[in-house]
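The following exercises concern the interior and the surface of one protein model. Each task is followed by a solution in steps.

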Amino acid sequence: MLHLTFFLLLAASLTRFLLHHPGEPRTPWIIALSITLALLHVLGPTPGRPALRMPRTPRTRDAGQADTRRLLWLAAVVAVWVVVVVLAPSFAWCAVPLFYTGLRTLPAGAASVLVGLLTAFVVAAQLRLSTGFDPILVLAPPAVAALATAVFVHMERQAARQRALIDDLLRTRRELAATERREGTLAERQRLSMEIHDTLAQGLSSQQMLLQATDRTWDSDPATARGHLRTATEITARNLAEARRFVHDLAPADLAGGTPLPEALRRLATRTTGPTTVPAAGPVAAPATGPTTGPTAGPTAGPPADEPGGGGPGGRLSVRFHQDGTPVPLPDRVQSALLRIAQGALANVREHAAARTVTLTLSYLGDQVVLDIADDGRGFTTAAAQGRGHGLPAMHARMRQLGGTLTIESAPGEGTVLSAAVPLERTP
């Protein structure tokens, strides 16, 4: 728009001069100076960029040289315009685009001085063209100059605010993206830690106990030792399958192929039933002294396998599954979470509770699904289990992700009941 306005005013001024002063000796000079002024305006720097023919320089010197060239270019344009106005006062209105050019090129103070000088030349030129004193010729140019300056300053302030807003938005987007990356990393880390705890860590713990029992019975009871070894091998195979699946963020192996949750829990109960290296508690088990939470802080706890009373042979665990209510389709993430909770709870029962029976109950209650895991083991003090191990925190985290609740009821010598409830969306 600046180029277009300048060229229109320059063409109008030249046309007016040629129409009113044909054949005068100064005409060739006026035409030559008009062409020079047009070329200077075309070859001048665009806003925010050096002149079109400016050679490329190293970044450390480019800004200073660009400013110098802009000042020299502006001085040449103003000088040529002044000469043209002196020769032909009708070219005075070409100063309007030069106002904006000066305001873009110079600092605020120098630009104001230049606008004042250009306005004075315009007033003088208009008085030369008039036959008498006309107040409008004295007042109109300053008013136009003031309006042009005010509009430019307002536009620059608006542009500065917009640039600041855009910078803030870009910075906020970068910070938000970084936060989302961190949250994604933490979420994936939490997912892997829970999967590892409920699969690999529990399996490795069971394998260690079985291999220790195998070593103790290798000479005295080879058949039992081979049974422990076969069980440890089966656990290793299941852990390998689970590891491959959760690395790829797949459903647990027991839910593969569209297996429903009740069937997966039934298989888990069948697989968990069998001998255990922790001696079964008697009908009236004496409470353990002190906190009985194991290192994995599962739903039940007791002495670890390498402590007195925790590694002897002869215990047997019976796990039963029961289903209540009419089954309804459950989201994959709900099924995975409940199955993982059951796996972690049963692993802790086998390793620490000295229980003889465990009952898994899956209840469909219309607006929620509830998984109860009850054992008759040693039990523990729930307050003492807070902040220990990873089992309970992982279970609570799974329930929080689903908007559910996890409750634990236990006391020394009275067994443990763990209940995981997940709300379900109502279907119309």
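A residue counts as buried when its relative accessible area is under 20%, as calculated with a 1.4 Å probe on the protein chains only. The model examined here is predicted.

**Exercise 1. Describe the overall make-up of the protein and state what percentage of its residues count as buried.**

Solution. Begin with the secondary structure: the protein contains 11 helices and 6 strands. Next, apply the burial cut-off: 41% of the 428 residues count as buried. Then turn to the surface, where the accessible area comes to about 23,300 Å², with 62% of it belonging to carbon and sulfur atoms. Finally, consider contacts between residues at least 6 apart in sequence: 73% of these join residues at least 24 apart.

**Exercise 2. Identify which residues touch the most other members of the largest nonpolar core, and determine which element gives the most to this core.**

Solution. The largest nonpolar core has 37 residues, and those touching the most other members are L265, L338, L362, V369, I373 and M399. Two or more residues come from each of α8 (261–272), β2 (315–324), α9 (332–353), β3 (357–364), β4 (368–375), α11 (391–402) and β6 (416–423). Of the elements, α9 gives the most, with 10 residues. As a closer view, take I373: leaving aside residues up to four places away in sequence, I373 touches I341, A342, A345, V358, T359, L360, T416, V417 and L418. Another core, of 35 residues, lies apart from the largest one and includes V85, A92, C94 and A125.

**Exercise 3. Characterise the lining of the largest pocket by position, element and residue class.**

Solution. The volume of the largest pocket is about 620 Å³. Its lining has 30 residues, of which I235, R238, R271, T272 and R350 are the closest to the centre. By element, at least two lining residues each come from α6, α7 (222–247), α8, β1 (274–276) and α9; α7 gives the most, with 10 residues. By class, the lining comprises 13 polar, 9 nonpolar and 8 charged residues.

**Exercise 4. Determine how many cavities of 30 Å³ or more the structure holds, and describe the second largest.**

Solution. The structure holds 2 such cavities, and the second largest has a volume of about 40 Å³. Its lining consists of A92, W93, A95, V96, F99, T119, V122, P141, V144 and A145. The elements giving two or more residues to this lining are α4 (95–105), α5 (108–129) and α6 (135–217). Sorted by class, the lining has 9 nonpolar residues, 1 polar residue and no charged residues.

Definitions and conventions
Residues numbered from 1 in each chain as written. Predicted model: local features only at pLDDT ≥ 70, side-chain atom pairs only at ≥ 80, totals over all residues. Heavy atoms only, no water. 1 Å grid on protein atoms, 1.4 Å probe; cavity = no way out; pocket = protein on both sides within 12 Å on 5 of 7 lines; lining within 4 Å. Points joined across faces, edges and corners; volume = space filled by probe spheres on them. Helix = DSSP H or I, 4+ residues; strand = E, 2+ residues; numbered from the N terminus. Nonpolar A, V, L, I, M, F, W, Y, C, P; charged D, E, K, R; others polar. Core = buried A, V, L, I, M, F, W, Y, C linked by side-chain atoms within 4.5 Å. Buried < 20%, exposed > 50% of the residue type's maximum accessible area, 1.4 Å probe, protein only. Contact = heavy atoms within 4.5 Å. Areas by Shrake-Rupley, 256 points an atom, 1.4 Å probe, with all protein chains shown as cover.
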